[in-house]
2 protein chains.
Amino acid sequence: MRWTDTLIPTLREVAKEAEATSHQLLLKAGFIRKLSSGIYSYLPLGLKVLQRISEIVREEMNRSGALELLLPALQPAEIWKQSGRYETLGADKIAFRNRSDQEFVLGPTHEEVVTELAAAYFKTYQALPKILYQIQTKFRDEVRPRFGIIRTKEFIMKDAYSFDVDEAGLEKNYQLMYDTYLRIFKRLGLAVDSVAADPGIMGGNMSHEFMVRSPYGEDRIATCEGCHYLASRDIAARAIPKTKPRASSRKLEAFDTPNLKTIEEISNSFRLKPDQLIKTIFYVADGKPVAACVRGDHEVHEGKLRKLLGAQEIRLARPDEIERASQAPVGFTGPVGLKNVKMIADGDLISGSDFVAGANRKDQHLRHVNVDRDFQPDQVADIRYVQEGDACGECGGKLSLVTAMEVGHVFKLGTRYTKPFAGCYRGRDGKDYPMVMGCYGLGLNRILAAIVEQHHDEKGIKWPVSAAPYPVHLVTVNQREEKTSSAADEIYRELSEAGCDVLYDNRDERAGVKFNDADLIGSPLQVIVSDRNLKNGDLEVKTRCTLQSGMIERKELLPKLQSILREISR
Amino acid sequence: MRWTDTLIPTLREVAKEAEATSHQLLLKAGFIRKLSSGIYSYLPLGLKVLQRISEIVREEMNRSGALELLLPALQPAEIWKQSGRYETLGADKIAFRNRSDQEFVLGPTHEEVVTELAAAYFKTYQALPKILYQIQTKFRDEVRPRFGIIRTKEFIMKDAYSFDVDEAGLEKNYQLMYDTYLRIFKRLGLAVDSVAADPGIMGGNMSHEFMVRSPYGEDRIATCEGCHYLASRDIAARAIPKTKPRASSRKLEAFDTPNLKTIEEISNSFRLKPDQLIKTIFYVADGKPVAACVRGDHEVHEGKLRKLLGAQEIRLARPDEIERASQAPVGFTGPVGLKNVKMIADGDLISGSDFVAGANRKDQHLRHVNVDRDFQPDQVADIRYVQEGDACGECGGKLSLVTAMEVGHVFKLGTRYTKPFAGCYRGRDGKDYPMVMGCYGLGLNRILAAIVEQHHDEKGIKWPVSAAPYPVHLVTVNQREEKTSSAADEIYRELSEAGCDVLYDNRDERAGVKFNDADLIGSPLQVIVSDRNLKNGDLEVKTRCTLQSGMIERKELLPKLQSILREISR
């Protein structure tokens, strides 16, 4: 493509709001344009990368035996009610009523649609297993769009859904998709961590996220240097001390705290740090009250608590329930003297001593509260989110937290969707069973951004060959020199005819501007045509990722380029 | 692709609601599935055809020099207000407010988004001309979805937009796109009529529709056998008699019509056919009253009337305006004695005589009303929609009306959008001028349906090679016969390795079922493997479009198939 025939609006400066490196570089290099908060247009270069990513995803999905189809973005709200997700989608959901007062949801995901379809077609065990997938635009009313195309309201997903006769089949397909994803990331030059994660609103009982480490992600992964443990911060587990708590000689005593109810009020009034306090939070788990005690500077992790209790449902207790369970007004509850309530204490309460906690009496708290001596929890466990420096749940080593962005997610859904949609197959025994499902998502726009996050320097982007909009960038030093421009025209023709996708900067611009733009756009190879080198029958070839240049004889250009491209593709 | 590995749910029967042939066949052959009214999923075969069509469209658009990009479906409502189309879109518009109370429109078209973008980048005459295009999903709250994928709420369009310095440039790009469309239709085996049409809500002053004749279209085109005149019924012109009206000897006389105001009431009460009446409709054109007289069985064509008057704006008069202009109550107005109002009579009033019309007096009408003798219109002209049998406006021959579906539409927009979006370029003279725009749409799902409408027989679809999901359908007569299945396996491998896309029906089904499905799905070539023919080293090859079969030697299969495919592609 000749530069003057296309649209590459490179910029010298970009808006300050562009925090993420990928956001800055994609704007500067003319790949994307913002239409509105979290809504972007893909200019010719940006679209070309999206298409290359899609093609690799499609090839690998097809290779795995998955079948491509295309499902609608407009989905009747009824199917979301049928699955029970209409409410859980919450405010992220884009829904509207049409002129006939029918309600539609703009699909953020397609479990409902695909399960309805699979239920219609996969009626016997012979039809299974199957994996269906699509590459399609999704919508989400993202409350805080950020980081350019990393967090947007409209985005392209590859979403796949597996249907199996049993858990063993699901396990096999889950592994197949997992391996397919690793192959896709490898082909795209992406270093990705796969971590165990929380299935969230997808439901099901197991999931893995594929994470790209980057300061501009909104997720965090916990890693252990000791044992290479990796997990989403949402589910990462820490070890808790197995020792007895430190013995304290200070006497437990009550003191007046009139109207001081919150951790903040107490710590401000008595010059205490929040970590010297105990926070007692009441939940109702499967109908029964539970008191969860954590340090004042921490929050209870509901998911961990629920799992620990083996409860189906868990929710915060209402004020009347708290007062009934603690016999004390809200704000003055504490672990000491609490009766007839299951009590879980976080491990931090063992590492510390002489805490301040509510006295279970109006306007009073206790000081020098110690586990074991003053109260006996039913269980001491890990019930908060992990933090930097926590002990690894596997080996006891030190956990670190790394910021990362999610580029893919695989889920074992089980029968979460096939049951409400009557997605049953007839087994060999003539009986009907619900199909066992998995789902597998990849965010294509995020992958694009992630490649830039991992492949750039201060001059611009350094595309891997597989994702580059153009593998070769042809630059003339001086387009006005007839020998230069006619040699470049000929090279452009020759490479194009050989099937090599070339961006030919034929602008009548200063060489410096053109070189800067070439480094910014980031094609893996640059071919620089100058009168001086042409006199020796030479062309300069620069490899973007190393910034190294060398001379190549004009007549050997094509085979040499092909061999360098092959080499740097490895 | 092996049949047992994919999803091709062929059906024996389809729902009665499927009227259109393409709808029936695409359901029966397992190409599509309905999710909701006007909302379809594309199963693997359907998607494959959509992808082949997209690829041909993309190739031809790129060949024309147009640049592909991708614009968002989510559009802020403000830009629709800026162009003034927020209201004109009307109830077809899908709009919603998000959690931050911002309003969005789900794009049914992208003039606003692309003009904002072009205004930012095409700032000088050197940047022009440019054509931008995308292949993208559009949304419309279709009030009456019909005919399967012909009229839907969600559909894939190729939409292109040209930007030029002047009208001459637009003319050139308009012609370029027109020719590109003809090339696309030819490659897809579609016979298409291009007809002059009404730009409608797109605005601008010229457009052509590309129409596929089919009983399941919702448009009509007027054609003349005499001079090959072709036009959308919306704008087709008819000739009106140039002769004087017939002289009548019957005396004009008034008669009482108490409370009888409508054509229906008069014709019922006096046993008159509506075509014996004159209907007088009052308009306000650029602020001035106009009376339009047509036969009682016809409607006034507002567009024709507006054009005839050279008016910018036209609207129906309010009751008070009618009464002021006619000095008579609504329902009793007529042409006789009408003063100080411009009057346009339709040509039919010259062909007929002795009409009944309002007397411009309460509760009275006149009979034996004749043009010229009893009233003198300012102009006699064509101010109604053409009908079957009307005189051609070009040659006076007989017009026919044909039902058709629109698959493409090209528009000269001029500065309709560049003005409100300040889409100006700096000219050679240093002054700023608005860019001159065109827009060009193709409906890809409709093209898919149109191909089926034009290529089928009672057995099923007959895909042209260019659009076929699989050019070759390999069928075993008896999959259980080891020799047959192993020969078929080998043929499948051989053809696949040679890059030929084969659908291999490896099902253990009766031969009849498999042959019927092959005819239904409609691959251009069928290769039938049977033990009997294998004994002679032969394979049966059937051409779907002719239903003719012949024997081919096994060892010559690949070159023979390739040569037949080349031949039938012509």
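Select B:Ile278 first: its bridge partner in S15(B) is B:Arg295. The model on display is a predicted one, and this pair is the starting point for a tour of chain B, the interface and chain A.

**Stop 1. The sheet around S14(B) and S15(B)**

Extend the selection to residues 278-285 and 288-295 of chain B, which are strands S14 and S15 respectively. These two strands run antiparallel to each other and are joined by eight bridges. Now add the remaining members of the sheet. It is an open sheet of five strands, ordered S16-S14-S15-S17-S20 in chain B, and its pairing is mixed. The edges are formed by strand S16 (314-316) and strand S20 (379-381) of chain B, each of which pairs on one side only. From one strand to the next, the twist averages 30°.

Next, display residues 319-326 of chain B, helix H9. This helix packs on the sheet through S14 and S15 of chain B, and its direction makes about 110° with that of S14(B).

**Stop 2. B:Ile314, in an edge strand**

Centre the view on B:Ile314, which lies in strand S16 of chain B. Is this residue buried or partly exposed? B:Ile314 counts as partly exposed because it has 17 C-beta neighbours inside 10 Å, whereas a buried residue requires 20 or more. Leaving aside residues up to four places away in sequence, B:Ile314 touches B:Tyr283, B:Ala285, B:Glu302, B:Leu305 and B:Arg306. Select B:Asp286 as well: 28 residues separate it from B:Ile314 along the chain, yet their C-alpha atoms are 6.3 Å apart.

**Stop 3. B:Leu25, in helix H1**

Move to residues 21-28 of chain B, helix H1, and pick out B:Leu25. B:Leu25 has 24 C-beta neighbours inside 10 Å and therefore counts as buried. Which residues does B:Leu25 touch, not counting those up to four places away in sequence? They are B:Val452, B:His456, B:Gly460 and B:Ile461. A distance label between the C-alpha atoms of B:Leu25 and B:Val14, eleven residues apart along the chain, should read 8.8 Å.

**Stop 4. A second sheet of chain B**

Select the strands S28-S27-S29-S30-S31 of chain B, listed here in their order across an open sheet of five strands with mixed pairing. Strand S28 (502-505) and strand S31 (548-553) of chain B are the edge strands, each pairing on one side only. Here the twist averages 25° from one strand to the next.

Within this sheet, highlight strand S29 (residues 525-529) and strand S30 (residues 538-543) of chain B, an antiparallel pair with four bridges. B:Gln526 stands opposite B:Lys542 of S30(B). Then add helix H13 (residues 511-521) of chain B, which packs on the sheet and touches strand S27 (472-476), S28 and S29 of chain B. The direction of H13 makes about 175° with that of S27(B).

**Stop 5. The interface**

Show both chains together. In this complex, 39 residues of chain A are in contact with 39 residues of chain B. Several elements of chain A each supply at least two residues to its side of the interface, among them strand S1 (32-36), helix H2 (44-63), helix H5 (111-121) and strand S7 (130-139). The largest share, four residues, comes from S2(A). Coloured by residue class, the side of chain A that touches chain B shows 25 nonpolar, six polar and eight charged residues. For the complex, the predictor gives an ipTM of 0.90 and a pTM of 0.90.

**Stop 6. Chain A and its helix H9**

Hide chain B. Chain A contains 15 helices and 31 strands, and buried residues make up 47% of its 570 residues. Along the principal axes, its C-alpha atoms fill a box of roughly 95 × 65 × 50 Å. Of the contacts in chain A with a separation of 6 or more, 71% join residues 24 or more positions apart. The pLDDT of chain A averages 94, and 99% of its residues score at least 70.

Finally, select helix H9 (residues 319-326) of chain A, whose buried residues are A:Ile322, A:Ala325 and A:Ser326. Why do these residues lie on the same side of H9(A)? They cover an arc of only 85° around the axis, which places them on that same side. An α-helix has 3.6 residues a turn, so residues three or four places apart point the same way. The buried residues of H9(A) pack against strand S14 (278-285), strand S15 (288-295) and strand S18 (355-361) of chain A. End the tour at A:Gln327, just after H9(A), where phi is positive, at about 60°.

Terms used. Residues are numbered from 1 along each chain as its sequence is written. Chains are lettered from A and ligands numbered from 1 in the order in which they are written. This is a predicted model: local features need pLDDT of at least 70, side-chain atom pairs count only at pLDDT 80 or more; totals for chains, interfaces and linings use all residues. Two residues are in contact if their C-beta atoms, placed from the backbone, lie within 7 Å. Ala, Val, Leu, Ile, Met, Phe, Trp, Tyr, Cys and Pro count as nonpolar, Asp, Glu, Lys and Arg as charged, and the others, Gly among them, as polar. Two strands pair if DSSP finds at least two bridges between them. Axes are lines fitted to C-alpha atoms, for helices over the stretch in contact, and angles run from 0 to 180 degrees between N-to-C directions. pLDDT is the predictor's confidence in each residue, from 0 to 100. A residue is buried if 20 or more other C-beta atoms lie within 10 Å of its own, exposed if 12 or fewer, and partly exposed in between; C-beta atoms are placed from the backbone. The arc is that of the directions from the helix axis to the C-beta atoms.
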